[in-house]
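Please look over the sequence and the structure shown here, and then follow the explanation below from a surface loop inward.

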Amino acid sequence: MIRQDFGLGKIELTYSRPSIRGRSVFGTNSLLAPLSKPWRTGANAATRLVTDHALVFGDKELPAGSYSVWTIPSEKGWTMMFNSQANVWGTEYNPAFDVLRVPMQSELIPELVEELTIQVRPAPQGGVLNVIWEKTKASVRFLIK
């Protein structure tokens, strides 16, 4: 669990940390995080985000509340989805309950990250959400409303 206070608000993120263990993580045939398909962004239960203030991603607002967090990894940039079904198993994604979809910037990183790592880093008036695994880092900036 990650808990980050921003002065104006608080975010809690709960997720499971799968390991690579010699497997292929991102790819068309990957069982861990297949390209161009919704991924639970973790293991076991879907990753869950709780925020006590609205978050603004670009020009889109995510109201305060609890959400499951999903991503679609892609070689050209990722998409992050916040879904109103906050407490679901990681294979029960239903896009009809998406509250918000936001683009993420992705980049290759030089070091291998064995266990999935999700970070919430403070930034002026908000923060940055990072998803880091294998040799990939996907990020999205947000503001606290």
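Does Gln-125 count as buried or exposed? At 60% relative accessibility, Gln-125 counts as exposed, where exposed means over 50% relative accessible area, buried under 20% and partly exposed in between, computed with a 1.4 Å probe on protein chains only. The model is a predicted one, in which local features need pLDDT of at least 70 and side-chain atom pairs count only at pLDDT 80 or more, while totals for chains, interfaces and linings use all residues. Residues are numbered from 1 along each chain as its sequence is written, and side-chain values use heavy atoms, with hydrogens and water left out.

Gln-125 lies in the loop between β10 and β11, and although Gln-125 is not a glycine, its phi is positive, at about 65°. Strands here are DSSP runs of E with at least two residues, numbered from the N terminus. Asn-44, another residue other than glycine, has a positive phi near 60° and lies in the loop between β4 (33–34) and β5 (47–51); at 41% relative accessibility, Asn-44 counts as partly exposed.

From these loops we can turn to the strand β9 (78–83), which is largely enclosed by the rest of the structure because 5 of its 6 residues are buried. β9 runs antiparallel to β8, to which 5 bridges join it, and it also pairs in the antiparallel sense with β10 over 6 bridges, pairing being assigned if DSSP finds at least two bridges between two strands. Ile-72 stands opposite Thr-79 in β9, while the bridge partner of Met-81 is Arg-101 in β10. The hairpin of β8 and β9 has 5 residues between the strands, and in this hairpin Gly-77 takes a positive phi near 125°.

The largest nonpolar core has 34 residues, of which Leu-49, Phe-57, Met-80 and Phe-82 touch the most other members; such a core is a set of buried Ala, Val, Leu, Ile, Met, Phe, Trp, Tyr and Cys residues joined through side-chain atoms within 4.5 Å. Among the elements that give two or more residues to this core are β2 (10–14), β6 (55–57) and β9, and the largest share, 7 residues, comes from β11. Leaving aside its neighbours within four places in sequence, Met-80 is in contact (heavy atoms within 4.5 Å) with residues including Val-69, Leu-100, Met-104, Leu-129 and Val-140. Apart from the largest core lies another, of 6 residues, among them Trp-70, Ile-72, Met-81 and Tyr-93.

Definitions and conventions. Helix = DSSP H or I, 4+ residues; strand = E, 2+ residues; numbered from the N terminus.
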